[in-house]
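The following exercises concern a single protein chain. Each task is followed by a solution set out in steps.

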Amino acid sequence: MNNEQEVLYQNQYLDTLTLLCQQKQSKLESRVTTKDCEGEKAVVADQVGEFPLNEKNTRFADTEYEDISLKRRWITPILKNGTVLLDTLDLSKSTSNPTSSIVIAGHAAINRFKDNAILDGYYGNNRTGKTGETLTAFDKQINAVLEKMQDADVDTEYDEITMVVNGRAVKKLRESGIYMSADFMNDKVLSEKVKLPDYSGVTFVKMSKVPTYKDGSNNTVYKLPIFVKSGVQLGRWGIQKVRIGEESTKQYCPSIFMEAIYGACRTEEAKCYSIEMK
């Protein structure tokens, strides 16, 4: 518990509460598929590979037996919760009741938890997936991944394609030349304040935090996921819990408890890739 909790005192003449700078909405939940789950683990799907068909050339031929790929994908849940305690003495000196704003902040934290669960599942153990080709030009790396998806018969025409980018990647995209065609030649598109337009069917989702690692020269390498919607599954265990009450062991101070359980995994490697950028 934070004993130095900030409160709004009457002598400050403040009667409104605002959230500090933070991501308030999930940026990836709408870009993946979602499944309601229960139990210790949840099965995403039982996956069956292509059925083999052989041409018949002779009469009364012997039966030829073929094997077929059978796989099962699982999601492991992650539980996170938190409790905020409000001191009655602080509340008595405040011009506003912070309870509703704290609940909003709690929902914002849960939305960020969803995105983190998706990225953790994306790069988790046994789900490392495929890496885009190492090419100098950033836009060519994206094109290489799109070609790999097409070669694997991924239906990119109807399955939404998402690429997660950070500020550094956005700068590289703006400098790469892909927006220099007549369709994009205007100040609004090139402005830093405007959302990047789609490129070759790829929707860019900007996030400040993306997975990283250090290479052999101790340089930071950013891992940027690029996937189709059906390639990632977010599991949801029940509904988010919100409990507002009083703590009898703390002189009945108001408390706010919030809890959520989510997990994620990749459903198929051919639908999920990663572009690495320094």
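**Exercise 1. The strand pairings of strand 12**

Strand 10 (residues 232-237) pairs with strand 12 in the antiparallel sense, over 5 bridges. The model is a predicted one.

Task. Determine which residue of strand 12 is the bridge partner of Gln233, and how many bridges join strand 11 and strand 4 to strand 12.

Solution.
1. Within strand 12, Gln233 has Cys265 as its bridge partner.
2. Strand 11 (residues 241-247) runs antiparallel to strand 12 and is joined to it by 7 bridges. Glu246 has Pro254 as its bridge partner in strand 12.
3. Strand 11 and strand 12 also form a hairpin, with 5 residues between them. In the turn, Gln251 has a positive phi of about 55°.
4. Strand 4 (residues 78-85), likewise antiparallel to strand 12, is joined to it by 8 bridges. Here Val84 has Ile256 as its bridge partner.
5. Strand 12 (residues 253-266) is mostly covered, with 12 of its 14 residues buried.

**Exercise 2. The surroundings of strand 9**

Task. Establish whether strand 9 is largely enclosed or exposed, and which residue stands opposite Met163.

Solution.
1. In strand 9 (residues 220-228), 7 of the 9 residues are buried, so the strand is largely enclosed by the rest of the structure.
2. Strand 6 pairs with strand 9 in the antiparallel sense over 3 bridges. Met163 stands opposite Ile226 of strand 9.
3. Both Met163 and Ile226 are listed among the residues with the most contacts inside the largest nonpolar core, which has 46 residues. Helix 2 (residues 99-122) gives the most to this core, contributing 7 residues.
4. Strand 8 (residues 212-214) and strand 9 pair in the antiparallel sense over 3 bridges, with Tyr222 as the bridge partner of Thr212. The two strands form a hairpin with 5 residues between them, and Asn218 in the turn has a positive phi of about 65°.
5. Strand 13 (residues 272-277) runs antiparallel to strand 9 and is joined to it by 6 bridges. Phe227 stands opposite Cys272 of strand 13.

**Exercise 3. The cysteines**

Task. Explain why Cys37 forms no bond with its closest cysteine sulfur, and state how many disulfides the structure holds.

Solution.
1. The structure holds 0 disulfides.
2. The closest cysteine sulfur to that of Cys37 belongs to Cys265 and lies 9.1 Å away, which is too far for a bond; the cut-off is 2.5 Å.
3. For Cys272, the closest cysteine sulfur is likewise in Cys265, at 9.1 Å, again too far for a bond.
4. Cys37 counts as buried because its relative accessibility is 10%, and Cys272 is buried at 0%; the limit for buried is under 20%.
5. Cys37 and Cys265 are among the 6 residues of another core, apart from the largest one; Ile75 and Trp237 are also among them.

**Exercise 4. Confidence**

Task. Identify where in the chain confidence is lowest and where it is highest.

Solution.
1. The chain averages a pLDDT of 77, and 73% of the residues score at least 70.
2. Confidence is lowest in strand 5 (residues 130-131), at a mean of 44, and highest in strand 6 (residues 161-165), at 93.
3. Residues 1-17 have a pLDDT below 50, and the model gives this stretch 25 contacts beyond near neighbours in sequence.
4. Residues 184-191 also stay under 50, with 13 contacts beyond four places in sequence.
5. Where pLDDT is low, the predicted coordinates should not be read in detail.

Technical notes
Residues are numbered from 1 along each chain as its sequence is written. This is a predicted model: local features need pLDDT of at least 70, side-chain atom pairs count only at pLDDT 80 or more; totals for chains, interfaces and linings use all residues. Side-chain values use heavy atoms; hydrogens and water are left out. pLDDT is the predictor's confidence in each residue, from 0 to 100. Helices (H or I, at least four residues) and strands (E, at least two) are DSSP runs, numbered from the N terminus. Contact means heavy atoms within 4.5 Å. A nonpolar core is a set of buried Ala, Val, Leu, Ile, Met, Phe, Trp, Tyr and Cys residues joined through side-chain atoms within 4.5 Å. Buried means under 20% relative accessible area, exposed over 50%, partly exposed in between (1.4 Å probe, protein chains only). Two strands pair if DSSP finds at least two bridges between them.
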